[in-house]
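Got the viewer open? Let's walk through this one stop at a time, selecting as we go.

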Amino acid sequence: MASLHCLPPVQKSLFINSLSQKLHGRSVCCRAGISFLVRAERARGSSVNGHACSSEDRLGRRQLLAGSAFITWIYLADMNSMSFAAETKKGFLSVSDKKDGYSFVYPFGWQEVVIDGQDKVFKDVIEPLENVSVNMIPTSKEDIRDFGSPQQIAETLIKKVLAPSNQRTKLIEASEHDIDGKAYYTFEFVAQAPNYTRHALSTIVVANGKFYTLTTGANERRWEKMKDKLRTVVDSFTISKV
């Protein structure tokens, strides 16, 4: 599957240029709708290990035990909260490139490979059409909308950059969305080769003086199985200032 690295540097530049987010001192605590009441009662003295134990001693131990139980509950509640957060990205690993100002996630098990002209590439070693790549090209533009509509830019990229010229391509849909005030274009397309068809998703954005492109996809025969994962990948792509 061809990508931006297939174009010579001069052609890449011409292509881009042409597109012109304490407890208070009380004994009652509430969290997540659950209340805990710690009561201490005075009692008559008793003996522990043969020593007299005052009601104040017993009171201190009761408060200590109650406090320990509460701290344990808080810890478990926090762990459950963190587990829930991790569950939303279960099965994915994250990439954060602070130098170039982008981040995204990719499915666990994909391996990083080096491809000339690409900044980052991760792929499945068994299903090589299942991969994600990130490419950047310098631009003087400040907004992806300066190049045209989502449909216009998607059509141009698919035909001239994201698929070889001998493959039949079809744009399925293209849309615009906003993240932290920055416009992103996302589109879905298929590219048909003689012996396979690749179903792909791309997202593009302009920031930091660069035109960013992230593309991910899979063989058409595995699209239904992979589409949710691939959408998670493409939706995770975000840019930060550098």
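Before the first stop, one term: two strands count as paired here if DSSP finds at least two bridges between them. Keep in mind, too, that this is a predicted model.

**Stop 1: the sheet.** Select the strands in the order β7-β8-β9-β13-β12-β11-β10 and you have an open sheet of seven strands with antiparallel pairing. Strands of a sheet pair through backbone hydrogen bonds, either parallel or antiparallel. At the edges sit β7 (111–112) and β10 (168–179), each of which pairs on one side only. Now zoom in on β9 and β13: they run antiparallel and are joined by eight bridges. For one bridge to look at, pick Val134, whose partner in β13 is Leu214.

**Stop 2: the helices on the sheet.** Show α3 next. This helix lies across β10, β11 (182–192), β12 (197–207) and β13, and runs at about 130° to β10. Then add α4 (residues 223–236), which lies across β9, β11, β12 and β13 at about 160° to β13.

**Stop 3: around α3.** Which residues of α3 are buried? Select Pro150, Ile153, Ala154, Leu157, Ile158, Val161 and Leu162. They cover an arc of only 130° around the axis, so they end up on the same side of α3. The general rule behind such patterns is that an α-helix has 3.6 residues a turn, so residues three or four places apart point the same way. Swing round to the other side of α3 and you find Lys159 and Lys160 exposed. While you're here, check the ends of α3: for its 13 residues, the end C-alpha atoms are only 15 Å apart, short of the 18 Å a straight helix would reach at 1.5 Å a residue.

**Stop 4: the aromatic rings.** Turn on the side chains; there are eight aromatic pairs in the structure. Start with Tyr106 and Phe122: their ring centres are 4.0 Å apart and the planes are at 15°, so this pair is stacked. Tyr106 belongs to strand β6 (residues 102–107) and Phe122 to strand β8 (residues 120–123), so to speak 16 residues apart along the chain. Both Tyr106 and Phe122 are buried.

Hop over to Phe147 and Phe211 for an edge-to-face pair, 5.3 Å centre to centre with 80° between the planes. Because Phe147 is in the loop between β9 (131–138) and α3 (150–162) while Phe211 is in strand β13 (residues 210–219), the pair ties together parts 64 residues apart in sequence. Phe147 and Phe211 are buried as well.

Last selection: Tyr102, Phe104, Tyr106, Phe122, Tyr212 and Phe237, a cluster linked by ring pairs.

How values were computed: Residues numbered from 1 in each chain as written. Predicted model: local features only at pLDDT ≥ 70, side-chain atom pairs only at ≥ 80, totals over all residues. Heavy atoms only, no water. Phe/Tyr/Trp six-rings, centres within 6.5 Å; stacked < 30°, edge-to-face > 60°. Helix = DSSP H or I, 4+ residues; strand = E, 2+ residues; numbered from the N terminus. Buried < 20%, exposed > 50% of the residue type's maximum accessible area, 1.4 Å probe, protein only. Expected span 1.5 Å × (residues − 1). Arc of directions from axis to C-beta. Contact = heavy atoms within 4.5 Å. Axes fitted to C-alpha atoms, helices over the stretch in contact; angles between N-to-C directions.
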